[in-house]
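Student: I would like a close look at one part of this structure, taken slowly. Please start from a single residue and then work outward to the parts around the DNA.

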There are 2 protein chains.
Amino acid sequence: MSADDAAPGQPRAEVTSWRELAVARSLDSARVRAEKRVQRFLDAAVELINSERGRDFTVQEVVERSGQSLRSFYQYFTGKHELLLALFEDAVRATSEHLEEVVAAEEPGLPRLHRCVVEYYKICRPGPKGQAPETVAALRAMGEFAQQLLTEHPKEAATAFVPLVTLFDRVLGEAADAGAIRPDLTRGRLAGVVLQAIMFNAFATTISSTLVRSDDAAADAEELWDLLLNGMARRS
Amino acid sequence: MSADDAAPGQPRAEVTSWRELAVARSLDSARVRAEKRVQRFLDAAVELINSERGRDFTVQEVVERSGQSLRSFYQYFTGKHELLLALFEDAVRATSEHLEEVVAAEEPGLPRLHRCVVEYYKICRPGPKGQAPETVAALRAMGEFAQQLLTEHPKEAATAFVPLVTLFDRVLGEAADAGAIRPDLTRGRLAGVVLQAIMFNAFATTISSTLVRSDDAAADAEELWDLLLNGMARRS
DNA sequence: TCCAGGGCATAACGCCGTTCTCGTTTTCGG
DNA sequence: CCGAAAACGAGAACGGCGTTATGCCCTGGA
């Protein structure tokens, strides 16, 4: 998938001969065409996935909506799994970029971390309220897939989550530098644990709906943040 | 499905005539037979589900392994979904009973809560180490289904989780009575949030495997407990 | 003995992911 | 502009799986 797979092994100086340029340009034009087609599949899938009865869309539907053919689909994706993976990676990337923008407005340290947690919670939480871009909203619908990916293909999952993990790790690092975070916690792991706690608590808000009921996403987000920050122990 | 659907609408005194007794006895015997058959299906499914390549077993396999027929299967279950639901309910029930036993040995309050959290983490965490009864171990393999259930059928999910939620709520209540828990947290919700945090962090340990790697389930359990209890904020 | 119901085996149906075939269109070097 | 090669579209076909339907056997009670 990478652009620079020209040299198949041999170490070679960066001779930019006209010949190579021509080849590269030819390959490039083919590649942009291919990428355009792939993108049409991805767009169609995104439309389907956050279209009310999403998530369990069929390959046929993607093909029809994208105005292409089944043959093309299997020429670009080895299967539905790979499409979902690409979708998920895009959603994670878009989400982390979105978070990056939103969070930049807060001052580094605890306020930024707070905003980060609450905003991510709101993105993951299902509900009609969502003016986020479609690609970001798609993340919501992929909770189930995320779970499956995390358990069945940990390697791929970890790769897909990299943008979000690094973002959280960075923001956590800023907060730690500001002296707001306990210094005895394992850095890298904390980001993952916090991310998971937010995601899955937002995805499934109803595990204790027999005891408590809530429709206030903002309040739930704050409560989760409070729990993550302060823990449940009574201060001594 | 219920046994007492004898009176189809009319209000009737509890006349225990011999006629009704006979009918009841006949129905009872039919019911125990039915329950035996259902149990055979469930047992077969449990065997399959924690048999290495579990989770995605087929209805045919369940039927074959149980030595019964497809027809019988669809006579007792409306579909595969219902089988999974029954399996899940059993797993939750068995797990909460198991936890109840283990936890009874600890003194009420924080120690019991700690044990509860750590033990539940170990049950949910995948891995070769598991001398827990089969029914309990089955819970591990149903992480994906739990997620699906939580998002697509919140009502059923909440019902299925009741035993675990009430157990955790009780233990949390004991700890709160002992003065170890912040009194300003919403009681019922806390149980659900804690349960979810443990479950999904145990199910998917690898979200940040690009940063940190760990094979020590006990240490991870303690770390999660520490985070839940004390939060990530530096003590003032 | 008879017969009705429960149960088994198996075929069949529909959905869906995936593969294959065939005929057409597009691309690209010369 | 041409011709070969690659890409593409439309749709049939295959296989797995959940679900339903059919036909036969075996048992148990009148």
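**One residue, then the DNA surfaces**

Tutor: In this predicted model, B:Q39 has 12 other C-beta atoms within 10 Å, and a residue with 12 or fewer counts as exposed, so B:Q39 is exposed. B:Q39 sits in helix α1 of chain B. Along the chain, B:Q39 and B:S66 are 27 residues apart, and their C-alpha atoms are separated by 9.3 Å.

Next, the DNA. Helix α1 of chain B, which holds B:Q39, is among the elements that give two or more residues to the surface near DNA strand C. That surface is made up of 19 residues, and the closest to the strand are A:T58, A:G79, A:K80, B:S69 and B:S72. Both chains take part: chain A gives two or more residues from each of α1, α2 (59-66), α3 and α4 (80-104), while chain B does so from α1 (18-49) and α3. Sorted by class, the residues near DNA strand C are 5 nonpolar, 9 polar and 5 charged.

DNA strand D can be described in the same order. Around DNA strand D there are 17 residues, with A:S69, A:S72, B:T58, B:G79 and B:K80 the closest. Here the elements giving two or more residues are α1 (18-49) and α3 (70-76) from chain A, along with α2 (59-66), α3 (70-76) and α4 (80-104) from chain B. The largest share, 4 residues, comes from α3(A). By class, the surface near DNA strand D has 4 nonpolar residues, 8 polar ones and 5 charged ones.

For contrast with the exposed residue at the start, take a helix in chain A. Helix α9 of chain A covers residues 187-203, which is 17 residues. From its first C-alpha to its last, α9 of chain A reaches 25 Å, close to the 24 Å expected at 1.5 Å a residue. Of those 17 residues, 15 are buried, so α9(A) is largely enclosed by the rest of the structure. The test for buried is 20 or more other C-beta atoms within 10 Å, whereas B:Q39 has 12.

Last, chain A as a whole. Chain A contains 10 helices and 0 strands, so its elements, read from the N terminus, are written as an unbroken run of α. Of its 236 residues, 35% count as buried. Among the contacts in chain A with a separation of 6 or more, 68% are between residues 24 or more positions apart.

Technical notes:
Residues are numbered from 1 along each chain as its sequence is written. Chains are lettered from A and ligands numbered from 1 in the order in which they are written. This is a predicted model: local features need pLDDT of at least 70, side-chain atom pairs count only at pLDDT 80 or more; totals for chains, interfaces and linings use all residues. A residue is near a molecule or strand if its C-beta atom, placed from the backbone, lies within 6 Å of it. Ala, Val, Leu, Ile, Met, Phe, Trp, Tyr, Cys and Pro count as nonpolar, Asp, Glu, Lys and Arg as charged, and the others, Gly among them, as polar. The expected span of a helix is 1.5 Å times one less than its number of residues. Two residues are in contact if their C-beta atoms, placed from the backbone, lie within 7 Å.
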